[in-house]
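Hello,

Here is the structure I promised to pass on. Have a look at it first; my notes follow below.

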Amino acid sequence: MFLAATFAIPVGARAHGEAKQEAKTRKSAISAEEKSVGREGDPGKVSRTIAVDMGDTLRFTPGEISVKRGETIRFVVKNSGKLMHEMVLGTRAELKEHAQLMQKHPEMEHDEPYMAHVQPDKSADMIWQFTKAGEFYYGCLVPGHFEGGMIGKIIVRR
Ligand SMILES: [Cu+2]
């Protein structure tokens, strides 16, 4: 007896055809997957660079970012603390849900284009295109950090 395919395939997530854009900074092709907050950005189409600092006070600096719909942003995410921190993009509900999952499974490995994990005293780049207008968030999902208020807001203007 065969099991029916029960894999969760996000509706409309994959674009047809594989646009294999070689990115120098990434090993794999740029993901065409549309998330609620946008899609992975093309390093060749960066409109602007925004520096984000993360500290052990559980704050992002800046705590609020404004972009225009369609912009591709290179986030240079710096960890100036002594603890591990990360910047994860999403809606408030997605981040909250993800943070709860991280609380239950702190060892859970996750690495997606919409997140940058940064070791103490290091920096990491995250290139993201904001394809939808609205209010989005970035949070650090290291257990206890999101709950401690480590969250910032992104306004995407039309
Ligand atoms: Cu953190």
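**The copper site**

Along the chain, the donors of the copper ion follow the spacing H-x54-C-x4-H-x4-M. Please keep in mind that this is a predicted model.

The residues behind that pattern are His85, Cys140, His145 and Met150. Both histidines bind through ND1. Cys140 offers its SG and Met150 its SD. These atoms sit at 2.0 to 2.8 Å from the copper ion.

Why is the arrangement tetrahedral? The 4 donor atoms subtend angles of 93 to 133° around the copper ion. Four donors count as tetrahedral if all angles lie between 85 and 135 degrees, so this site qualifies. For reference, the ideal angle for four tetrahedral donors is 109.5 degrees.

Are the ligands His145 and Met150 buried or exposed? His145 has a relative accessible area of 8%. For Met150 the value is 0%. Buried means under 20%, so His145 is buried, and so is Met150.

**Aromatic pairs**

The structure holds 3 aromatic pairs. One of them is formed by Phe60 and Tyr138. Their rings are 5.0 Å apart, centre to centre. The planes meet at 70°, and the pair is edge-to-face. Phe60 lies in strand β3 (residues 59-61), Tyr138 in strand β9 (residues 134-139). The pair therefore ties together parts that are 78 residues apart in sequence. Phe60 is buried, at 6% relative accessible area. Tyr138 is buried too, at 0%.

Tyr114 and Trp128 also pair. Their ring centres are 6.3 Å apart. Their planes stand at 80°, so this pair is edge-to-face. Tyr114 is in the loop between α1 (92-104) and β7 (115-118). Trp128 is in strand β8 (residues 123-129). The two are 14 residues apart, and the pair links distant parts of the chain. Tyr114 counts as buried, at 15% relative accessibility. Trp128 is buried, with 1%.

One more ring to check: Arg92 lies over the face of Tyr137, at 5.0 Å from the ring centre.

**The sheet**

Look next at the open sheet of 5 strands. Its order is β1-β8-β5-β2-β3, and the pairing is mixed. β1 (39-40) and β3 stand at the edges. Each has a single partner strand, so one side of each is left without a neighbour in the sheet.

Strand β5 (residues 72-79) and β8 run antiparallel, joined by 7 bridges. To find your way there, start at Val76: this residue stands opposite Asp125 in β8.

Best wishes

Notes: Residues are numbered from 1 along each chain as its sequence is written. This is a predicted model: local features need pLDDT of at least 70, side-chain atom pairs count only at pLDDT 80 or more; totals for chains, interfaces and linings use all residues. Side-chain values use heavy atoms; hydrogens and water are left out. Donors are N, O and S atoms within 2.8 Å of the metal (3.2 Å for Na, K and Ca); water is not among the atoms, so sites may look incomplete. Four donors count as tetrahedral if all angles lie between 85 and 135 degrees; four count as square planar and six as octahedral if opposite donors are over 155 degrees apart and all others between 65 and 115; anything else is irregular. Buried means under 20% relative accessible area, exposed over 50%, partly exposed in between (1.4 Å probe, protein chains only). Rings of Phe, Tyr and Trp (its six-membered ring) pair if their centres lie within 6.5 Å; planes under 30 degrees apart count as stacked, over 60 as edge-to-face and the rest as tilted. Helices (H or I, at least four residues) and strands (E, at least two) are DSSP runs, numbered from the N terminus. A charge sits over a ring if NZ of Lys or CZ of Arg is within 6 Å of the ring centre and within 35 degrees of the ring normal. Two strands pair if DSSP finds at least two bridges between them.
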